[in-house]
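Subject: Structure handover and notes

Dear colleague,

I am passing on the structure we spoke about, together with my notes. Please look it over first and then read what I found.

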Amino acid sequence: MFATAADGTKIWFDHAPGPRPVLLIHGFASDSVRTWEQTGWVRALAGLGHVVVDLRGHGQSGKPASGYAPGGLARDVLAVLDEAGLSTVDAVTYSMGGLVGWELARLAPGRIGRMVLGGIGGRPVARESMERVREALSGGDLDACVDGMAGHRLDGPPPVPVLFAAGEQDEIAADAPEFAASLGAPFVSLGRRTHVNAVSSRRFKDAALAFLAPAG
């Protein structure tokens, strides 16, 4: 399925209805299949429902030359939620996807309930880090995305209740425990995981499901 962004870019998504759908936003140089399906997340969320999206420039979505700042990517995802007919969802994000989810929650109050942010802390996005990730994941021509994201960071108070999670060997999100504490947000360590392999952690899934579960 595709939603159409404001500039005409086609944004691919897949939606499985359920009682409490979870929006899944992947990171840089990856896509929904690699981040969420192959790592068992879609299966873990089977009882809730989900919507997965390939951010512009990634996966099956269009690959225009512009529109890659966090706010632009967030508007793309908002178009997906509208196309899928979802008024409110919880969200699980990874790495760059956390910036997109954060901006989406600020852009469209009420559309995101609770959000899990994996593989991200409070430091500005560094070009060098993005290049390391692109090399590790064999990403393609993503220079426009690097240009759009570099220098951005999670700023301001959390727009919704958030949970942070990161591996102990994740150099990109090394400050996540301290950053979460500065926001008064919970943090879960994913043990000796790196930035590349933390997303498949069972501890990550269990913590996310517990955080997103309704109170009581």
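The notes below go through the strands, the cores, the aromatic residues, the helix α8 and two loop residues.

Please bear in mind throughout that this is a predicted model.

Strands

I would begin with strand β3, residues 22-25, where both faces are covered: V22 and L24 are buried on one side, and L23 and I25 are buried on the other. This arrangement can be read against the general rule that in a regular strand the side chains alternate between the two faces of the sheet. On one edge β3 pairs with strand β4 (residues 50-53) in the parallel sense over four bridges, and within that pairing I25 has V53 as its bridge partner. Strand β3 is also joined to strand β5 (residues 89-94) by four bridges, again running parallel, with A91 of β5 as the bridge partner of L23.

The strands nearer the start of the numbering pair in the antiparallel sense. Strand β1 (residues 2-4) and strand β2 (residues 10-16) are joined by three bridges and run antiparallel, with T4 standing opposite K10. These two strands form a hairpin with five residues between them, and G8 in the turn has a positive phi of about 95°. Strand β2 pairs in turn with β4, antiparallel and over four bridges, and there F13 stands opposite V53, the residue that is also the bridge partner of I25.

Cores

The largest nonpolar core has 48 residues, and those with the most contacts inside it are L23, F28, I112 and F164. Helix α3 (residues 70-84) gives the largest share of this core, eight residues. Leaving aside residues up to four places away in sequence, F164 touches a long list of residues, among them W102, L117, I120, F179, F187 and V188. There is also a second, separate core of 23 residues, which includes W12, L24, W36 and A208. Residues L23 and L24, buried on opposite sides of β3, are thus listed in separate cores, L23 in the largest one and L24 in the second.

Aromatic residues

The structure holds four aromatic pairs. One of them is formed by W41 and F204, which meet edge-to-face at 4.8 Å centre to centre, with 75° between the planes. Since W41 lies in helix α2 (residues 41-44) and F204 in helix α8, this pair ties together parts that are 163 residues apart in sequence. W41 is buried, with a relative accessible area of 1%, and F204 is likewise buried, with a relative accessible area of 1%. The rings of Y94 and F204 have their centres 6.3 Å apart and their planes at 55°, so this pair is tilted. It too links distant parts of the chain, with Y94 in strand β5 and F204 in helix α8, 110 residues apart. Taken together, W36, W41, Y94 and F204 form one aromatic cluster.

Helix α8

The buried residues of α8 are F204, K205, A207, A208, F211 and L212, and what covers them includes β3, α2, β5, β6 (112-118), β7 (162-166) and β8 (187-189). At F211, the charged end of R114 sits over the ring, 4.1 Å from its centre.

R203 lies in this helix, which spans residues 202-212, and is partly exposed, with a relative accessible area of 45%. At the start of α8, a side-chain oxygen of S201 reaches to within 3.1 Å of the backbone nitrogen of R203. Not counting residues up to four places away in sequence, R203 touches V188, S189, L190 and G191.

Two loop residues

Finally, I would ask you to look at two backbone angles, given that most residues other than glycine have a negative phi. A29 has a positive phi of about 65° although it is not a glycine; A29 is placed in the loop between β3 and α1 (32-37) and is buried, with a relative accessible area of 8%. S95, also not a glycine, has a positive phi near 55°; S95 lies in the loop between β5 and α4 (96-107) and counts as buried at 14% relative accessibility.

With best regards

Definitions and conventions
Residues numbered from 1 in each chain as written. Predicted model: local features only at pLDDT ≥ 70, side-chain atom pairs only at ≥ 80, totals over all residues. Heavy atoms only, no water. Buried < 20%, exposed > 50% of the residue type's maximum accessible area, 1.4 Å probe, protein only. Contact = heavy atoms within 4.5 Å. Pairing = 2+ DSSP bridges. Phe/Tyr/Trp six-rings, centres within 6.5 Å; stacked < 30°, edge-to-face > 60°. Lys NZ or Arg CZ within 6 Å of the ring centre and 35° of its normal. Core = buried A, V, L, I, M, F, W, Y, C linked by side-chain atoms within 4.5 Å. Polar contact = N/O pair within 3.5 Å; in protein donor to acceptor, adjacent residues only side chain to side chain.
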